Amino acid sequence: MEALQKLKDSALNCQKCKLHEYRTQVVFGVGNPDADLMFIGEAPGYNEDVKGEPFVGAAGKLLDKVIFEETGLTRNQIYITNVVKCRPPNNRNPEEDEIVACNPYLLKQIELIKPKVICALGNFAARTLLGKNEGISKLRGRIFISHGIKVVPTFHPAAILRNPNLIDTFREDIKLVHILLNEPGEEKDSSKKGEEFEQPSLF
Ligand code: URA
Ligand code: SF4
């Protein structure tokens with residue numbers, strides 16, 4: 001069996017953190033296992049918990065639209081997942097112990113998919129990937145390198161829905177992602193241009 005599918009099967013009954021008590025189902029991730037581009041959000045919401053797929057609500061529609069308009073890519077050409085795979089009750093923020101418990105799944109997904117570029121959506125994804133405590137407004141639109149993979153943080157699409165003034169900046173960041181995707185040189189080594197940083201303890 002394909003390794004990513006195996007990992008997904010192993011996650012479906014996971015009880016490693018308290019979020020398992022509230023979920024309808026684990027929302028593991030969706031898309032192309034060979035994707036060059038991976039999006040990482042925060043946590044499943046109501047619609048995702050019901051459907052078992054990330055970003056299927058209003059924020060997801062906006063995300064799909066901007067990705068398609070700025071890169072020409074559709075959902076089945078990329079890979080989408082979240083920092084935690086189970087919906088927090090009442091859509092509260094994921095807590096530190098939950099993020100830590102779930103992190104091995106995310107790390108294994110990144111290792112197996114080996115995308116060329118990761119786009120971190122919002123504070124939780126950016127902090128989890130980069131181990132930085134700066135807010136997303138400071139981190140967004142910059143290129144970081146984590147384990148040889150370029151990481152571009154940007155606003156969470158739900159933030160764009162709340163504040164439509166952010167849409168142009170969001171589009172700019174997805175344009176940057178597109179540019180990086182099309183850069184020559186497949187090698188994922190740390191000599192690539194980008195901001196180096198101390199590996200966070202989660203990694
Ligand atoms: N928000 C997220 O962070 N992830 C989803 O899957 C849906 C909404
Ligand atoms: Fe397991 Fe992650 Fe769900 Fe917690 S959020 S129960 S660690 S799959």
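The shell around ligand 1 comprises three nonpolar, three polar and two charged residues. In this predicted model, the residues that surround ligand 1 are Gly-41, Glu-42, Ala-43, Glu-48, Pro-54, Phe-55, Asn-82 and His-156. The site occupied by ligand 1 is the largest pocket.

Three members of this shell have polar atoms placed against ligand 1. For Glu-42, a polar backbone atom is found 2.8 Å from an oxygen atom of ligand 1. Asn-82 takes part through its side chain, where an N or O atom is 2.7 Å from a nitrogen atom of ligand 1. His-156 likewise contributes a polar side-chain atom, which lies 2.7 Å from an oxygen atom of the ligand. The area exposed by ligand 1 when taken alone is 240 Å², and the protein buries 91% of this area.

Ligand 2 is enclosed by another set of residues. Its surroundings consist of Cys-14, Lys-16, Cys-17, Leu-19, His-20, Arg-23, Lys-85, Cys-86, Ala-101, Cys-102 and Tyr-105. By class, this shell holds seven nonpolar residues, one polar residue and three charged residues. The polar member is His-20, and the charged members are Lys-16, Arg-23 and Lys-85. Whereas ligand 1 sits in the largest pocket, the space taken by ligand 2 is the largest cavity.

At the level of the fold, the protein chain contains eight helices and six strands. Read from the N terminus, the order of these elements is α-β-β-α-α-β-α-β-α-α-β-β-α-α. The sequence of elements thus begins with a helix followed by two strands, and ends with two helices.

The overall dimensions were assessed from the C-alpha trace, which spans about 45 × 35 × 30 Å along its principal axes. The radius of gyration of the protein chain is 16 Å; this agrees with a compact globule, because a globule of 203 residues would have a value near 17 Å.

How values were computed: Residues numbered from 1 in each chain as written. Chains lettered and ligands numbered in written order. Predicted model: local features only at pLDDT ≥ 70, side-chain atom pairs only at ≥ 80, totals over all residues. Heavy atoms only, no water. Near = heavy atom within 4 Å. Polar contact = N/O pair within 3.5 Å; in protein donor to acceptor, adjacent residues only side chain to side chain. Areas by Shrake-Rupley, 256 points an atom, 1.4 Å probe, with all protein chains shown as cover. 1 Å grid on protein atoms, 1.4 Å probe; cavity = no way out; pocket = protein on both sides within 12 Å on 5 of 7 lines; lining within 4 Å. Sits in = over half its atoms within 2 Å of the grid points. Helix = DSSP H or I, 4+ residues; strand = E, 2+ residues; numbered from the N terminus. Rg over C-alpha atoms; globule rule 2.2 N^0.38 Å.
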